[in-house]
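Colleague: Got a minute to go through this one with me? I'd like to hear about the contacts.

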2 protein chains.
Amino acid sequence: MKLTPVSERFILHWGEMGSRWGVNRTVSQIHALLYIAGRPLPADEITDTLGVARSNVSNSLKELQGWGLISVVHLMGDRRDHFETTGDVWGLAHAIFKERKKREFDPTVDFLRDCVNSPDYGKEEKDAQKRIAATLQFMETVSSWGDELLKLDPETLMKVMKLGAKIQKLIRG
Amino acid sequence: MKLTPVSERFILHWGEMGSRWGVNRTVSQIHALLYIAGRPLPADEITDTLGVARSNVSNSLKELQGWGLISVVHLMGDRRDHFETTGDVWGLAHAIFKERKKREFDPTVDFLRDCVNSPDYGKEEKDAQKRIAATLQFMETVSSWGDELLKLDPETLMKVMKLGAKIQKLIRG
DNA sequence: ATGTAAATTCTGTATAAACAGAAATATTCC
DNA sequence: GGAATATTTCTGTTTATACAGAATTTACAT
């Protein structure tokens, strides 16, 4: 697949940012490619377009499935797997947010709960106890807030975001 | 500094999660230590407590300063630098959120703006153009929402979070 | 100035992640 | 069943990061 200049830049940028987002370059490049392509692509076409090893593509596709970002589809008269991603940026953001929360946030909330319930907890300095408890409480609040937001439909969430700081007035009133 | 069992677990957990959060283990361990200690520590004490090389501590402290998570203080009659972090979980979350947004989000928003304004943009498939534009618009909305939230004081933000999904009613009404 | 403590930078090593290419496995068609 | 195609797993290499320990620099005291 021949890439236009903008597509190419897009894919390269996505790949570079990937490392900051905790996913490797090839994985994010493949995702970007599928997003730009807007149609299901077979692994070989991804391989050719990005110029990486076929095995690398295979593993990366697996990881993207683990993130819930791509799905396999089949085309009539073609035995190859084809891969596609949502063209809908909301769906994407939803999947990414959900998965990152699960991987980066929830384990620590669980851990902190465990700490606080541990028999050793009382042996801690009073100040340290306070800070740990406050951290847990804070993270629990953020966590359930996140879950709530994930439940909202795009339109509502968009309104919430557009509201921005003006929400203060609603709360006070 | 002798660590209690919970403190030790806390620091180790923080260190492990660090890699998922994009910072290395020593960096996050040091931060956790300062957070638990609740008082300014000199580099040597950090070195001894964590059992890592002095040079490693030095570099990690630099990185934590880059994140705006620690500050240097001096104690009377002691020439050594001492390092401390906010004991306030809100302050912490604020600093982390702000910095992550800056590093992981804003560059892509800038990049997408650049794409859309590029002379090559028109050569793109109509569908791809739409998706890129939608991505930009979405990320811009999220970005300014983030900025707004960062401006709110903790109490208000807490109320917003506690409100959760019930915010829908406020919006409709 | 010279010595001493503190902090940083430099250099090499170890570790882990990413990746290519080969080999092996699975799938579908005849 | 066997050939052809598609996919995954395995193995070794490369590359990037983390780190220790040494060397250097900086800051301060006398």
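Modeller: What follows is about the residues around the two DNA strands. Keep in mind that this is a predicted model.

Colleague: Start with DNA strand C. How many residues surround it, and which are closest?

Modeller: DNA strand C is surrounded by 17 residues. The closest are N24(A), R25(A), T26(A) and A53(A), along with D81(B) from the other chain letter.

Colleague: What share of the strand C atoms within 4 Å of the protein is sugar and phosphate?

Modeller: Sugar and phosphate make up 69% of those DNA strand C atoms.

Colleague: Which contacts go to a phosphate oxygen there?

Modeller: Among them are two from chain A. R25(A) places a polar side-chain atom 2.7 Å from a phosphate oxygen of DNA strand C. A53(A) uses its backbone instead, with an N or O atom 2.6 Å from a phosphate oxygen of that strand.

Colleague: And what about a base oxygen of strand C?

Modeller: S55(A) has a polar side-chain atom 3.0 Å from one.

Colleague: Which helices supply that surface?

Modeller: Helix 2 (25-37) and helix 4 (54-66) of chain A, plus helix 4 (54-66) of chain B, each supply at least two residues. Helix 4 of chain B gives the most, at five residues.

Colleague: How do the residues near strand C split by class?

Modeller: Two are nonpolar, eight are polar and seven are charged.

Colleague: OK, over to DNA strand D. Which residues come nearest?

Modeller: There are 17 residues around DNA strand D, and D81(A), N24(B), R25(B), T26(B) and A53(B) come nearest. Of the atoms of DNA strand D within 4 Å of the protein, sugar and phosphate account for 65%.

Colleague: What are the side-chain contacts on that strand?

Modeller: They include R25(B), with a polar side-chain atom 2.7 Å from a phosphate oxygen of DNA strand D. In T26(B), a side-chain N or O atom is 2.7 Å from a phosphate oxygen of DNA strand D. S55(B) has a side-chain N or O atom 3.0 Å from a base oxygen of DNA strand D.

Colleague: Which elements give two or more residues to the surface near strand D?

Modeller: Those are helix 4 of chain A, and helix 2 (25-37) and helix 4 of chain B.

Colleague: Which has the largest share?

Modeller: Helix 4 of chain A, with five residues.

Colleague: Last one: what's the class split near strand D?

Modeller: The surface near DNA strand D has two nonpolar residues, eight polar and seven charged.

Notes: Residues numbered from 1 in each chain as written. Chains lettered and ligands numbered in written order. Predicted model: local features only at pLDDT ≥ 70, side-chain atom pairs only at ≥ 80, totals over all residues. Heavy atoms only, no water. Near = heavy atom within 4 Å. Polar contact = N/O pair within 3.5 Å; in protein donor to acceptor, adjacent residues only side chain to side chain. Helix = DSSP H or I, 4+ residues; strand = E, 2+ residues; numbered from the N terminus. Nonpolar A, V, L, I, M, F, W, Y, C, P; charged D, E, K, R; others polar.
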